[in-house]
Structure formats: structure tokens, C-alpha cells
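Let's take a friendly walk through this fold together. Please have the sequence and the 3D view open as you read.

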Amino acid sequence: MKERSEHPSWKMRMAQAADMPKDVVLGVPVLSMLGREELYIENYRGILEYTEELIRVQTKKGQIKVTGCRLQISYYTNDEMKVTGCVKTIEYGD
């Protein structure tokens with residue numbers, strides 16, 4: 001099994017050297033919350049599942065699973081979405 005290196009990747013070093021945002025260079029998702037009622041997800045690729053209790057989205061680095069109650073996607077664009085409701089858990093998966 002291949003071990004992960006402790007050294008930053010070349011993309012990370014490039015982002016740091018160019019003073020560029022890591023999320024742009026690495027394509028990683030950015031999650032921002034306001035309390036438990038609003039969740040913003042940036043850099044996602046698609047919505048995989050959407051109910052009032054579960055929202056699953058695909059990102060470049062895997063899936064994000066949001067559970068709660070009365071969950072709604074208030075809006076979404078190609079780059080960002082806003083989830084409202086009572087967020088209970090956020091999980092990352094492959």
C-alpha cells in the first residue's frame with residue numbers, strides 16, 4: 001500500500017508561491033456555515049441525492065453528505081449552492 005507523503009504536493013507549493021487561493025488551484029470544496037441553518041458549498045460537481053433529510057453532492061475529491069431535517073437547496077449555480085434547514089451532520093467520503 002502506498003504511503004502518503006508528508007510533503008506538500010507541487011500544486012500546493014505552486015498555490016503558496018503564487019499566493020493563489022488553495023481552493024482554486026487544488027479544486028477542493030469550500031464549506032461555510034452560518035449557525036446550523038445555512039450551509040454554503042463551493043466547488044462541487046453535481047447533486048447526487050436530495051431529500052429533506054439528506055443531500056449528497058459530488059466534488060472533485062469525493063462526496064459530501066449532509067444530513068438534517070427540512071433541508072432545502074435554496075439556490076445553486078455551477079460553482080456554489082446554499083443549503084438551508086437544520087444541519088445535523090456533514091460527512092466526507094470517497
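## Strand 2 meets strand 6

In which sense do strand 2 and strand 6 pair, and over how many bridges? The two strands, residues 38-42 and residues 80-93, pair in the antiparallel sense, and five bridges hold the count. Keep in mind as you look that this is a predicted model.

Two residue pairs help you find this pairing on screen. E38 has T84 of strand 6 as its bridge partner, and L39 stands opposite V83, also in strand 6.

## The chain as a whole

Now zoom out. The protein chain has two helices and six strands. Reading from the N terminus, the elements follow the pattern α-α-β-β-β-β-β-β, so both helices come before the strands in that order.Of its 94 residues, 30% count as buried. The accessible surface comes to about 6,700 Å², and carbon and sulfur atoms contribute 49% of that area. Among contacts with a separation of 6 or more, 38% are between residues 24 or more positions apart.

## One open sheet

How are the six strands ordered in the sheet? They form an open sheet with the order 1-2-6-5-4-3, and the pairing is antiparallel. Strand 1 (30-34) and strand 3 (44-50) stand at the edges; each has a single partner strand, so one side of each is left without a neighbour in the sheet. From one strand to the next, the twist averages 40°.

As background, strands of a sheet pair through backbone hydrogen bonds, in either a parallel or an antiparallel way.

## The hairpin of strands 5 and 6

Strand 6 also pairs with strand 5: the two run antiparallel and are joined by eleven bridges. Together they form a hairpin, with three residues between them. To locate this pairing in your viewer, look for I64, whose bridge partner in strand 6 is Y92.

## A nonpolar patch on the surface

Strand 5 covers residues 62-76, and Y76 belongs to this strand. Is Y76 buried or exposed? Y76 is exposed, because its relative accessible area is 56%, and the cut-off for exposed is over 50%.

Which residues share a nonpolar surface patch with Y76? The partners are I47 and Y50, and the patch made by these residues and Y76 is about 330 Å².

Terms used
Residues numbered from 1 in each chain as written. Predicted model: local features only at pLDDT ≥ 70, side-chain atom pairs only at ≥ 80, totals over all residues. Heavy atoms only, no water. Patch = residues over 30% accessible without salt bridge, like charges linked within 9 Å, V, L, I, M, F, W, Y side chains within 5 Å. Areas by Shrake-Rupley, 256 points an atom, 1.4 Å probe, with all protein chains shown as cover. Salt bridge = Lys/Arg side-chain N within 4 Å of Asp/Glu carboxyl O. Helix = DSSP H or I, 4+ residues; strand = E, 2+ residues; numbered from the N terminus. Buried < 20%, exposed > 50% of the residue type's maximum accessible area, 1.4 Å probe, protein only. Pairing = 2+ DSSP bridges. Contact = heavy atoms within 4.5 Å. Axes fitted to C-alpha atoms, helices over the stretch in contact; angles between N-to-C directions.
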